[in-house]
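Hi,

Here is the structure I promised to pass on. Have a look at it first, and then read my notes below.

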Amino acid sequence: MSQSKTAGPVPEDKTAEEEQPRSPREIRLVMVGLVVTMLLAMLDNLIVGTAMPTIVGDLGGAEHLSWVVTAYTLATAASTPIWGKLGDMYGRKGTFLTSIVIFLVGSALSGLSQNMNELIGFRAVQGLGAGGLMVGVMSIMGALVPPRDRGKYQGMFAAVMALATIGGPLVGGFITDHLSWHWTFYINLPLGVVALAVVIVTLKLPKVRSTAKIDYLGAILLTVGITSLVLITTWGGQQYAWGSKEILGLAALAAASLIAFCYVEQRVEEPMLPLTLFKNLNFTLVSIIGFVVGFVMFGSTVFLPLYQQIVQGASATNSGLLLMPMMFGMLVISLVVGQAVTKTGKYRIYPIIGTIVMTGGMVLLSTMGTGTSSFTSACWMIVLGAGMGFLMQITMLVAQNSVELKDMGVASSTATLFRTIGGSFGVALFGALFNNRVTDTMKEKLGDQAGAGGGVKDPGQMSPAALRKLPENIQDAYHHAVSNGMHTVFLWGAGVAVIAIAAALFLREVPLRGTGKGEKPAEASLEAAAV
């Protein structure tokens, strides 16, 4: 793979410290700070989401409710690739610490908000910092630990993901009920201080300087493109019709800005996202797989609890626990695969197995109906989680193994960005399919009486408590409608997942960089995967 010879990030020491083997003790100490930071990044939205009804009741401005989430999501997605590039150019430790500080400042200000407009603005600040948290964790991990050895620590991140998904709503509910909604933001501060202290003391990376200019135009164009895409998926079918001038205008803006971005990136000295990375077949393929994983995972986590609460009558109080079977499957398989990759150095078979199992899980979940037991649905969730367990860490590992150390931040941010955008599209498409199927079923079952069921146009707002107050025939119709909606969502999801199977089959088994003697240099391994 051809690499640019232009002035770029250069370690001040010819023997870059990032390339030196680290002792297990040194890595474990740094991992404490990275794990706490990852927990911060994943917990926030889950905790805040639980407290949103209380926040709206206190601050008012319910009409701006969606912007509390959208502002955070937009800032996170738009800043992710920028953080990755800045880390490559000016040093990962400094940019990582900066992102933590910005996230904590945004958290403190959000907790102090006196009205909804302030909260939206401060959530954007918080999201700006959050964009660098996950990228920083992954790129520092990639710099410290060779891909061959990364499986030893991979389970930590899978465990954090499972813990955040299950524990976030529980913690949010407890804080809201026993303290106040302000503490859903303040809780980030002690965790963030711990992460800052650990990273400052334990993380030793070489100082990096860059003689190249920052690609400001590329950053602006990429930000506009990403922002437009996220707004399309957020507003489409909800605030505006898919064929409305607002959505079509955003689509045109996204296309124009991304085309211009590609043009600019081929002509600047130090591109924000080097397009040459996509000449590497493995990098391109795992980006596609990552997009599909985000598409499937976020879509599933949004609609599975709805089915379990409405159709199966599960309690909404501990909604995070409803996803435990899926997280259990993801965690166990991720641990096993990580150890296997470390032991053998082979990885190609796991994305193939994972995409097939993930697709099978989606097909199984599409068979759920009004009579499906909680045990059966839990089994199908385990299958889906197992499929994603094969993929969650492997896609990042292959992406990082496909680039040189100097591009570790860009590789990490690109992999994260594709998964994030995939999640946005998954939720939007699944939501449109689900709503349409529910509406059609309610009309088929009830005819003109369908409107009396409420929530036909927005089924997600039909709470189990409100449903129980309606006549029995409407309850039964709604149960069937939700089941049919789930069938449509997961069947379409399985169709999209087939794309990931095709991508996985074309992956090449490129040797993982490691600490063993006699292995190929990084450049040789990268050349083997280049198109």
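What follows is a short tour of what turned up, from the whole protein down to single residues.

One thing to keep in mind: this is a predicted model.

Let's start with the big picture. The protein has 531 residues, and 55% of them count as buried. You'll find 17 helices and two strands in it. Its accessible surface comes to about 21500 Å², and carbon and sulfur atoms hold 66% of that. If you take the contacts between residues with a separation of 6 or more, 83% of them are between residues 24 or more positions apart.

Now pick out helix H13, residues 374-401. H13 has 28 residues and reaches 41 Å from its first C-alpha to its last, close to the 40 Å expected at 1.5 Å a residue. Try to spot the kink of about 30° in H13, which is centred on Ile 394. This helix is mostly covered, with 21 of its 28 residues buried.

Met 381 is a good residue to click on in H13. Is Met 381 buried or exposed? Its relative accessible area is 0%, and the cut-off for buried is under 20%, so Met 381 is buried. Who are its contacts, once you leave aside the neighbours within four places in sequence? They are Leu 304, Gln 308, Leu 322, Leu 323, Pro 325, Met 326 and Leu 365. Also, Met 381 and Met 324 are 57 residues apart in sequence, while their C-alpha atoms are 8.8 Å apart in space.

Next, helix H8, residues 216-235, which is where Ile 226 is found. With a relative accessible area of 4%, Ile 226 is buried too. Leaving aside neighbours within four places in sequence, Ile 226 is in contact with Ala 77, Ala 78, Pro 81, Leu 417 and Ile 421. Look at Ile 421 in that list: Ile 226 and Ile 421 are 195 residues apart in sequence, but 8.2 Å apart from C-alpha to C-alpha.

Helix H7, residues 188-202, is a nice one for checking a length yourself. At 1.5 Å a residue, its 15 residues should span 21 Å, and the end C-alpha atoms are indeed 21 Å apart. The buried residues of H7 are Asn 188, Gly 192, Ala 195, Leu 196, Val 198, Val 199 and Thr 202. While you look at that list, remember that an α-helix has 3.6 residues a turn, so residues three or four places apart point the same way.

On to the surface. Which residues form a nonpolar patch there? Phe 328, Val 332, Val 336 and Ile 382 do, with about 340 Å² of accessible area together. Helix H11, residues 324-344, gives the largest share of that patch, three residues. Val 332 sits in H11 and has a relative accessible area of 34%, so Val 332 counts as partly exposed.

Last, the charged side chains. How many salt bridges does the structure hold? Just one. Asp 88 forms it with Arg 92, and their closest N and O atoms are 2.6 Å apart. Don't search for this pair on the outside, though: both Asp 88 and Arg 92 are buried.

If you'd like a place to begin, go to Met 381 in H13 and then compare it with Val 332 in H11. Met 381 is buried, whereas Val 332 is partly exposed.

Have fun with it!

Conventions: Residues numbered from 1 in each chain as written. Predicted model: local features only at pLDDT ≥ 70, side-chain atom pairs only at ≥ 80, totals over all residues. Heavy atoms only, no water. Patch = residues over 30% accessible without salt bridge, like charges linked within 9 Å, V, L, I, M, F, W, Y side chains within 5 Å. Areas by Shrake-Rupley, 256 points an atom, 1.4 Å probe, with all protein chains shown as cover. Salt bridge = Lys/Arg side-chain N within 4 Å of Asp/Glu carboxyl O. Helix = DSSP H or I, 4+ residues; strand = E, 2+ residues; numbered from the N terminus. Buried < 20%, exposed > 50% of the residue type's maximum accessible area, 1.4 Å probe, protein only. Contact = heavy atoms within 4.5 Å. Expected span 1.5 Å × (residues − 1). Bend = angle between axes of the 7 residues up to and from the residue.
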